[in-house]
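Here is a short tour of a protein and the things bound to it. Keep the sequence and the 3D view open while you read.

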Amino acid sequence: TGTGVKALALALRVNSHLTEAMLSTNLIDDGSAEIIADTLKVNDILRKLDLNFNYIANRGAKCIAESLVVNKSLTELCLDSNDISDTGAQHFSKALEHNKTLVMLKLNEHFVSAALLREICEKLDKNMGRKSKLFLDTLNGDKKTSWSRSRLMVVGQGKAGKSALIRSILGLPFNKNWDSTIGAEISESQIAGPRSGSQPTHAGWTKVKGETNMDYASKFAARIMLQQLNQSRKTPEKFRMKENTELPRERTIVTEEVQMPSITSKLKKKKSTHGVLDSKTKTLFQTRSVVRNFDVDLLVDAENAENSLTLSMWDFGGQEVFYSMHHLFLTKSGVYVLVFDMRGMLQWNKKNDALAYMSFWLRSIRLHAPNAPLLLVGTYMQDIRIRAKGVITINGLIRKLVKSLGFTQIVKNSVHKLEFFPVDNKERIGITMLRIEVERIVRQDKNTWQNISIKWMLLLDEMLEKRNEQAYIQLSDVTQMAAKVGVHQVAELDEALRLFHEQGMLVHLTATDTLKNLVIVKPQWLIDALSKVIRDGSLHSYNLQAVEKQGLKQDLRLAFDTALFSRDFLEYVWDGEQVPFLVDLMKRTLLMSEWNFRNEEYYLVPSLLNNVTKTGKRLGNRFVLDFSSSFLPIGVFQRLICLVVSHSASNRSRHGYVLQEPKLSKNAALIEVEPQFHIYLQEDIKHQNIVARVNDPQYAAKSVRIIQSMIRKLNCDVMGEGLKWETLLEDSTRLGKLVNYDQAKKEMMAPWITKASRKAEPEAQNVDLDSFLNCLQFD
Ligand SMILES: Nc1nc2c(ncn2[C@@H]2O[C@H](COP(=O)(O)OP(=O)(O)OP(=O)(O)O)[C@@H](O)[C@H]2O)c(=O)[nH]1
Ligand SMILES: [Mg+2]
């Protein structure tokens, strides 16, 4: 081991990566210690050196102590159970008059006098004080650093193998009986970083457990401190001087705000009496108004976490019912993974379906995240018969589809020259390669490295701390929290919330003031709550016994047959007190509408409508909302139904109209919005349009304006303004001929355009639902 230590010590001289060296029980004597000491004089990266249980005596101790005069990186030195006495220990005390970085020196099991130990301890404390001070300065300062965080959005058809893929990527065992995902499942994983310069290793993807308080700000502060430390090491002396001259500005903030020196000194005193030279005890601080801990481990952790990434993984349920809900959570940034079952692409009776789903998802991603990178992943590699040929056939289909959509976001599989990544989750084929690629893409994405101010992190910590008590916070409370940490401008707060929403840390919908008023700090809670109602009843069943026990069997049947939920049933699935909040939220995100056509209290959830109405001949004047130049996402028609039903229901309660109960199915709706004024709507997926008819020409102009406003509203509220459509009106003199709305306006085409209807339509933007419905009283 003597020669081993020598070799290692020599290696450490040129080492630029290793931050901890554990050399306990290595028969290290004074000679080897001397070599180590020489190394410490030149090494500027090592933070922790463990030399416990060796044979270092006073001569070796002297060498090591003297090296500390020069060394500026070591924070922890462990020398328990060696052969050091006062003579050796004295050198440490002397060295600590110059060394400002060491905060922990372990000298247990030696014959060192208590007085000398105390002296050393006080000097260590001073160093710790300096570090703590820097930590506090950083927390109170305005510095920024990158978050190294991104979001992985995994989407695709039901049963495609999305959840299995995430498990594969994380190295978790394959489970052939995995439950179909309800709503969406959020998890977090940590990807260990490669050391600077070298290629990624991809070895360490680990799932982060639980939703504990992450204390982001402290980690951020530690990272900034480390960067400063590294920088000052590299910066020539005169530049450092300049840096120091800027410090007093922050110091003044600190002296104003520090309120807890008594606690720190108490902690220190308690520790000193133990006789162990250990300055690592946590130091509590008051920063702005938030209490933080400082611990040297934070620095070591920050060093280890350098270049590592955090990925928030969103595993979306693939059943169609969820799609209208997913629109709320698909954000611009992050990396998308679209999963499909390769077998489906090769079966003649499933191929069209599989391609339609793929096309649907491609277009949805383009709608919500036009600049996010997207990887296509085909599962069940092992189950397709003639593999190479099958893969090439599928590749051809995808290439054609992608080309026809003019889709440019796809990250190709350059190794195999394919449009997609074939994998098998069961046999774990292609997983490593995919993981390498995902990591590469995430690292390349500039959003991942966005710099964030420490104030924002303190705010995030404050908000997330509330998670233990509540799922959402009022914006007014958030504004107060923001002021406490130094974010005073509304614009800055908006910006911070937008970023946290984008990153999936919380949900903050901003389309209307009412939505904006709520910051949901538990995204998973929200998804779970929504999918208590929006779910595939046949696949994700309820506990029938419990439902029956509550006397809600009829209510359950009604919900899944007609999409009508009784208040009692909602109280049951949502635990009572959350009901008003969730009803309100669903109404505002256009997933639910009032249904006051019966005596009891009901709510309509149009995503659950399932019976299909056959196209039949219908009378009345026709107009068409044509989305075929872009895309009609699933969820738009359902939301339109939601709005028209809400309009009818609100007319009923506002004006006391007697109106027929709407007749609804998955793809068609007949709704009486005013007495004798019926609107009929039909969704035509094949032609990507919605056909509307109105029973009486006298309501034609009004109906176009109502429906137009509604589409604009839902586009703004939940589709990120991504919808593009053309309104076409049927010429009543030449049935079958459709005229563009603007053209019709110019021509004053009857019955669609009247003098009144040529006026500008009311703004749908930022208008709350009630005021919006109020505006629809055109005449
Ligand atoms: N043989 C094989 N089975 C797979 C593969 N991928 C997934 N499976 C199985 O297929 C079934 C469905 O996989 P999931 O991962 O649950 O599918 P999903 O896309 O998450 O489905 P939803 O959550 O319903 O949207 C599970 O029983 C998996 O074990 C694969 O590559 N090969
Ligand atoms: Mg799943």
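A polar contact is a pair of N or O atoms within 3.5 Å; within protein, one must be able to donate a hydrogen and the other to accept it, and residues adjacent in sequence count only if both atoms are side-chain atoms. Keep in mind that this is a predicted model, where local features need pLDDT of at least 70 and side-chain atom pairs count only at pLDDT 80 or more, while totals for chains, interfaces and linings use all residues. Residues are numbered from 1 along each chain as its sequence is written, chains are lettered from A and ligands numbered from 1 in the order in which they are written, and side-chain values use heavy atoms, with hydrogens and water left out.

Let's start with ligand 1. Here are its polar contacts with three residues.

| Ligand 1 atom | Protein partner | Distance |
|---|---|---|
| oxygen | Ala-164, polar backbone atom | 2.7 Å |
| oxygen | Gly-318, polar backbone atom | 2.7 Å |
| nitrogen | Asp-424, N or O atom in the side chain | 3.5 Å |

On its own, ligand 1 exposes 650 Å², and the protein buries 94% of that (areas by the Shrake-Rupley method with a 1.4 Å probe; for residues, only the protein chains shown count as cover). The shell around ligand 1 has 5 nonpolar, 12 polar and 6 charged residues. In that count, Ala, Val, Leu, Ile, Met, Phe, Trp, Tyr, Cys and Pro are nonpolar, Asp, Glu, Lys and Arg are charged, and the others, Gly among them, are polar.

Next up is the magnesium ion, ligand 2. Which atoms coordinate the magnesium ion? They are OG of Ser-163 and OG1 of Thr-181, at 2.0 to 2.1 Å. (Donors are N, O and S atoms within 2.8 Å of the metal, or 3.2 Å for Na, K and Ca; water is not among the atoms, so sites may look incomplete.) Ser-163 sits in helix α6 and Thr-181 in the loop between α6 and β7, 18 residues apart. Helices (H or I, at least four residues) and strands (E, at least two) are DSSP runs, numbered from the N terminus. Ser-163 counts as buried because its relative accessibility is 10%, and Thr-181 is buried too, at 11%. Buried means under 20% relative accessible area, exposed over 50%, and partly exposed in between (1.4 Å probe, protein chains only).

Finally, have a look at strand β25. Its 6 residues are all buried, so β25 is largely enclosed by the rest of the structure. Strand β21 runs antiparallel to β25, joined by 6 bridges, and Val-624 stands opposite Val-691.

Definitions and conventions. Pairing = 2+ DSSP bridges.
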